Amino acid sequence: QVQLRDSGGGLVQTGGSLRLSCAASGRTSSSYAMGWFRQAPGKEREFVAAITWIGGRTFYADSVKGRFTISRDSAKNTTYLQMNSLKPEDTAVYYCALAGSIATISKGYWGQGTQVTVSS
């Protein structure tokens, strides 16, 4: 079993920054991927970013490219999402995800979610 604990959300003004963290514990494989999704009120959950644990390849949704950066700390089994130049449309609950590969990132384990609110 894998547990994910995501944190770091909050209230920020347009143009501000936040850094989300997600710590994985339990039976994590040595080769997996972690990522972030978000869900705004009345909308479906959508992919934001992901990173492979081996090699550190990164993937981003077009809507966040150039503003968000995903990274990992292998020693801490933790992934981070640095969010800069935040916009009101980034307001959502952000969920951390972990799976065996990038291709199955939405089908693995989930964190409990952390609220990000960007005020205009």
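**View 1. Phe 37 is a buried residue, with a relative accessible area of 7%.** This is a predicted model, and we start with Phe 37 because its value falls under the 20% cut-off for buried. Phe 47, at 29% relative accessibility, counts as partly exposed instead.

**View 2. Phe 37 meets Trp 110 edge-to-face.** The ring centres sit 5.0 Å apart and the planes make an angle of 70°, so this pair gets the edge-to-face label. Phe 37 belongs to strand β4 and Trp 110 to strand β10 (residues 109-110), so the pair ties together parts that are 73 residues apart in sequence. Trp 110 itself is partly exposed, at 30% relative accessibility.

**View 3. Three aromatic pairs turn up in this model.** One of them is Phe 37 with Phe 47, edge-to-face at 5.6 Å centre to centre, with 75° between the planes. Here the link runs from strand β4 (residues 33-39) to strand β5 (residues 46-52), with the two residues 10 apart. Put the ring pairs together and Phe 37, Phe 47 and Trp 110 form a cluster.

**View 4. Arg 45 holds its charged end over two rings, those of Tyr 95 and Trp 110.** For Tyr 95, the distance to the ring centre is 3.8 Å. For Trp 110, that distance is 4.5 Å.

**View 5. Strand β3 pairs with β1 and also with β8.** Strands β1 (residues 2-7) and β3 (residues 18-26) run antiparallel, joined by six bridges. Another antiparallel pairing, again with six bridges, connects β3 to β8 (residues 78-83). Look for Ser 21 in β3: it is the bridge partner of Ser 7, and Ser 21 also has Tyr 80 as its bridge partner in β8.

Terms used:
Residues are numbered from 1 along each chain as its sequence is written. This is a predicted model: local features need pLDDT of at least 70, side-chain atom pairs count only at pLDDT 80 or more; totals for chains, interfaces and linings use all residues. Side-chain values use heavy atoms; hydrogens and water are left out. Two strands pair if DSSP finds at least two bridges between them. Helices (H or I, at least four residues) and strands (E, at least two) are DSSP runs, numbered from the N terminus. Rings of Phe, Tyr and Trp (its six-membered ring) pair if their centres lie within 6.5 Å; planes under 30 degrees apart count as stacked, over 60 as edge-to-face and the rest as tilted. Buried means under 20% relative accessible area, exposed over 50%, partly exposed in between (1.4 Å probe, protein chains only). A charge sits over a ring if NZ of Lys or CZ of Arg is within 6 Å of the ring centre and within 35 degrees of the ring normal.
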